[in-house]
Amino acid sequence: MAEHSTDLANSALDHGLRQLLGYALKRASAVATGDAARVLEPFGLRVTSYSVLCVICQNPGVTQTQLAAALAMERSNTVAILDQLQKTGCIERRRSTQDRRVFDLHPLAAGHSLMQQASDALLAYENTTFAALSKDERQTLIRLLTRIHQ
């Protein structure tokens, strides 16, 4: 009981901040990202490695530069993630036929399988966590958030 009253008191402390969109986004993002990390951990993935794997699986032949741009990452930061995904047999790098200095990234069967399993787990998590939002509300929220970062 004392713990519950402490939670209520603490939630009142940031009442003024909760009126700010950026603060609300930060809190929501922290919850979603932390939970997603826990969901992905049994698959040996982190949020960023899952994102990288998804982009490669959905866009076979994407280059490292294109991948980094799509995920708003530094190109050099993708190297360790790509190395790990390649080491685990999820992707392969192929020298581009158009530019020998560039490698195209291709998913392997293990990568497709891992991405599907992790995606199913994330979808189940989201369906539970965001159950208070209807499907239309979720789509609206995604559309609004997309407008902010574009």
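This talk covers the sheet, the salt bridges and a surface patch of one predicted model.

Let's start with the sheet. Three strands form an open sheet, in the order β1-β3-β2, and the pairing is antiparallel. The edges are β1, residues 62–63, and β2, residues 91–95; each of them pairs on one side only. As a reminder, strands of a sheet pair through backbone hydrogen bonds, either parallel or antiparallel.

Now the pairings. β2 and β3 run antiparallel, and 5 bridges join them. Strand β3 spans residues 103–107. On this side, Ile91 has Pro107 in β3 as its bridge partner. Arg94 has Asp104 in β3. Turn to the other edge. β1 pairs with β3 over 2 bridges, again in the antiparallel sense. There, Thr63 has Asp104 as its bridge partner. So look at Asp104 on screen: this residue of β3 partners Arg94 and also Thr63.

How buried is β3? Of its 5 residues, 4 are buried, so the strand is largely enclosed by the rest of the structure. Take His106, which is found in β3. His106 has a relative accessible area of 14%, so it falls under the 20% cut-off and counts as buried. What does His106 touch, leaving aside residues up to four places away in sequence? The list is Ile56, Pro60, Gly61, Cys90, Ile91, Glu92 and Arg94. Two of those names, Ile91 and Arg94, you have just heard as residues with bridge partners in β3.

Next, salt bridges. The count comes to 6. I will show three of them.

The first pair is Asp83 and Arg93. Their side chains meet at 2.9 Å, N to O. This pair links distant parts of the chain: Asp83 sits in helix α5, Arg93 in strand β2, and they are 10 residues apart. Both ends are partly exposed: Asp83 has 39% relative accessibility, and Arg93 has 22%.

Helix α5 has another link to the sheet. Residues 78–87 make up this helix, which packs on the sheet and touches β2 and β3. The direction of α5 makes about 110° with that of β2.

The other two salt bridges share Asp14. Arg18 meets Asp14 at 2.7 Å, N to O. Arg27 also bridges to Asp14, with the closest N and O atoms 3.1 Å apart. The Arg27 pair links distant parts of the chain: Arg27 is in helix α2, while Asp14 is in the loop between α1 and α2, 13 residues away. Salt bridges with shared partners join Asp14, Arg18 and Arg27 into one network.

Is Asp14 buried or exposed? It is buried, at 8% relative accessibility. The two arginines are partly exposed: Arg18 at 39%, Arg27 at 37%.

Last, the surface. Which residues form the nonpolar patch? They are Leu21, Leu25, Leu141, Leu145 and Ile148. Together they have about 430 Å² of accessible area. Two helices, α2 at 21–40 and α7 at 135–149, each supply at least two residues of the patch. The largest share, 3 residues, comes from α7.

One member deserves a closer look. Leu21 lies in helix α2. Its relative accessibility is 57%, over the 50% cut-off, so Leu21 counts as exposed. Helix α2 therefore appears twice in this talk: Arg27 of α2 bridges to Asp14, and α2 supplies part of the patch.

That is the tour. Questions, please.

Note on methods. Residues numbered from 1 in each chain as written. Predicted model: local features only at pLDDT ≥ 70, side-chain atom pairs only at ≥ 80, totals over all residues. Heavy atoms only, no water. Patch = residues over 30% accessible without salt bridge, like charges linked within 9 Å, V, L, I, M, F, W, Y side chains within 5 Å. Areas by Shrake-Rupley, 256 points an atom, 1.4 Å probe, with all protein chains shown as cover. Salt bridge = Lys/Arg side-chain N within 4 Å of Asp/Glu carboxyl O. Buried < 20%, exposed > 50% of the residue type's maximum accessible area, 1.4 Å probe, protein only. Pairing = 2+ DSSP bridges. Contact = heavy atoms within 4.5 Å. Axes fitted to C-alpha atoms, helices over the stretch in contact; angles between N-to-C directions.
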